[in-house]
Amino acid sequence: MRLDLVTIFPAFFEALDVSLLGKARQKGLIDSRVHDLRDFTTDRHRTVDDTPYGGGAGMVMRPEPWGLALDAILDGDDSASDPVVIFPSPAGERFTQAIARELAQEQQLVFACGRYEGIDHRVVEHAEGRGRVRLLSLGDYVLNGGEVASLAMIEAIGRLVPGVVGNPESLIEESHEDGLLEYPSYTKPAEWRGHEVPPVLLSGNHGAIAAWRREQQLERTRRVRPDLLPPEELAGA
Ligand code: 6GU
């Protein structure tokens, strides 16, 4: 998978060299390129923002450097045929595991990371005229810019790219993969600081263990995320 990250803070993406995604890069499974938006400015001060039309607080990112940066990426000789351009934004659609699964199938993702109060909206309109675009939000809170949100999405998407996670089975039994929260996990020792591992997990009875884990998933989801429960499970709550 090819990733292009456009940002005024390239240093955020040094995190991509670490851990599982760093290994995936070394293995050639993920090819990420970071582009400094300021390299696409044309003025002496490398200006990327200006005051908003209509007034109001904060600054808005000017469209021209974004246009040139996206041109360079989308028209580049090594660009895939039909990349998806992602604008991380608290005004976007909520990013979910289902969207991560969808995007993990793509050949190329371009993350356009805005700062300040956002990017001039014509950049989004222009990108929509050129191809597939998604405005994606992590959740209902505000970050200073799209970089940290992009890193979170890239980790969620990247680990679903075949070969990135060594044991694909570990992708299945996780929170959100089956629509429920994950069951709690335990390892040795069997007793620690007076807390015991639930005895069923030491029983060797695989049927009983599976049933216990399912019940834990339902109980947790009912308690902290009832919005995730399918209607038939909610009825019994
Ligand atoms: Cl994608 N961007 C920003 N700036 N804030 C957010 C977000 C994204 N998702 C949640 N908060």
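**Exercise 1.** Which of the 13 residues around the ligand come nearest? Describe the make-up of the shell.

*Solution.* The model is a predicted one.
Step 1. P88, P90, L138, L143 and A149 come nearest to the ligand.
Step 2. Sort the shell by element: β5 (84-94), β7 and α5 each supply at least two residues. The most come from β5, which gives three.
Step 3. Sort the shell by residue type: eight residues are nonpolar, five are polar and none is charged.

**Exercise 2.** Are D140 and V142 buried or exposed? Locate both residues as well.

*Solution.*
Step 1. The UniProt entry, which is unreviewed, lists both under "binding site", among them D140 and V142.
Step 2. D140 sits in the loop between β7 (132-137) and α5 (146-158). V142 is in the loop between β7 and α5.
Step 3. A residue is exposed if 12 or fewer other C-beta atoms lie within 10 Å of its own. D140 has 7 C-beta neighbours inside 10 Å and therefore counts as exposed. V142 has 6 other C-beta atoms within 10 Å, so V142 is exposed.

**Exercise 3.** Which strands are joined to β1 by bridges? Place R2 relative to them.

*Solution.*
Step 1. Strand β1 (residues 2-7) has five of its six residues buried.
Step 2. Six bridges connect β1 with β2 (residues 31-36), and the two run parallel. Here R2 is opposite D31. Between β1 and β2 the chain passes through helix α1 (residues 19-26), in a right-handed β-α-β crossover.
Step 3. Five bridges connect β1 with β6 (residues 108-112), also in parallel. In β6, Q108 stands opposite R2.

Conventions: Residues are numbered from 1 along each chain as its sequence is written. This is a predicted model: local features need pLDDT of at least 70, side-chain atom pairs count only at pLDDT 80 or more; totals for chains, interfaces and linings use all residues. UniProt positions are given in the numbering used here, feature names are shortened, and annotations may be inferred rather than shown by experiment. Helices (H or I, at least four residues) and strands (E, at least two) are DSSP runs, numbered from the N terminus. A residue is buried if 20 or more other C-beta atoms lie within 10 Å of its own, exposed if 12 or fewer, and partly exposed in between; C-beta atoms are placed from the backbone. A residue is near a molecule or strand if its C-beta atom, placed from the backbone, lies within 6 Å of it. Ala, Val, Leu, Ile, Met, Phe, Trp, Tyr, Cys and Pro count as nonpolar, Asp, Glu, Lys and Arg as charged, and the others, Gly among them, as polar. Two strands pair if DSSP finds at least two bridges between them. A crossover is right-handed if, with the strands pointing away from the viewer, the path from the first strand over the helix to the second runs clockwise.
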